[in-house]
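Visitor: I'd love a close look at a single part of this protein. Could you walk me through one spot and its surroundings?

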Amino acid sequence: MPIELILHKATVPEGQPYHELKAYLSGLPNAVPEGDDFVFCDEEQGLYVVVQLGNLVQESFHPGPDAADQCNAITIRIPADPPAHLVEPLAEFAFNIARRTGWSVYERATNQHFADEQSLARRLSGTTVPLPVSASGCMSLLLLLIAIILFDHGFFAVH
């Protein structure tokens, strides 16, 4: 199953002119425009990445520009388990588009925010991405409470 990234501005759905985004993507190497989609391929590796311009309305992505000819989101579909030597270039590719638009990079399925190219590269390579500090802090407290309960009930008693 492919990994789908979504680039957008989290706070305000700030749009970008559709024609400018389309011109930018069209000018990238190996870009093959197909309507609102752009296919980037490395035929030698058998790798195809699909970039789609559109709008994020609440939780729903709609391809193409809105009535004002603006787009406020871009999806990037990357095949699962890309070749290891392409992981960093794919992360860089996504972040270059994000920097160009001033948007952030998220995994669409989980809404996980990627702060930098390294965290996205870890996700694309299949290595575990550390839990956010708040979640790991809650987990530590939960484990501590479980240990206290088990200790009070004699599970750790020395005989």
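Visitor: Leaving aside neighbours within four places in sequence, which residues is Ala 91 in contact with?

Guide: Happy to, and please keep in mind that this is a predicted model. Beyond its neighbours within four places in sequence, Ala 91 is in contact with Glu 117, Leu 120, Ala 121 and Leu 124. For Glu 117, 26 residues away along the chain, the C-alpha atom is separated from that of Ala 91 by 5.3 Å. Ala 91 counts as buried because its relative accessibility is 0%, under the 20% cut-off.

Now let's step back to the helix around this residue. Ala 91 is found in helix 2, which spans residues 84–101. Helix 2 packs with helix 1 (residues 18–26) at an angle of about 145 degrees, the axes being 12 Å apart, and the crossing is right-handed. On the helix 1 side, the contact is made by Glu 20, Leu 21, Tyr 24 and Leu 25, while helix 2 brings Asn 96, Ile 97, Arg 100 and Thr 101. Sorted by class, that contact has 4 nonpolar, 2 polar and 2 charged residues.

Helix 2 also matters for the interior count: the largest nonpolar core has 33 residues, and helix 2 gives the largest share, 9 residues. Other elements that give two or more residues include strand 1 (3–8), strand 8 (73–78) and helix 3 (117–125). Leu 5 and Ile 76 have the most contacts inside this core. Not counting residues up to four places away in sequence, Ile 76 touches, among others, Leu 5, Val 50, Phe 93, Ala 94 and Ile 97. A second, separate core of 5 residues includes Ile 6, Leu 56, Phe 61 and Ala 73.

Methods:
Residues are numbered from 1 along each chain as its sequence is written. This is a predicted model: local features need pLDDT of at least 70, side-chain atom pairs count only at pLDDT 80 or more; totals for chains, interfaces and linings use all residues. Side-chain values use heavy atoms; hydrogens and water are left out. Axes are lines fitted to C-alpha atoms, for helices over the stretch in contact, and angles run from 0 to 180 degrees between N-to-C directions. Helices (H or I, at least four residues) and strands (E, at least two) are DSSP runs, numbered from the N terminus. A crossing is left-handed if the near helix is turned anticlockwise from the far one by less than a right angle, and right-handed if clockwise. Contact means heavy atoms within 4.5 Å. Ala, Val, Leu, Ile, Met, Phe, Trp, Tyr, Cys and Pro count as nonpolar, Asp, Glu, Lys and Arg as charged, and the others, Gly among them, as polar. Buried means under 20% relative accessible area, exposed over 50%, partly exposed in between (1.4 Å probe, protein chains only). A nonpolar core is a set of buried Ala, Val, Leu, Ile, Met, Phe, Trp, Tyr and Cys residues joined through side-chain atoms within 4.5 Å.
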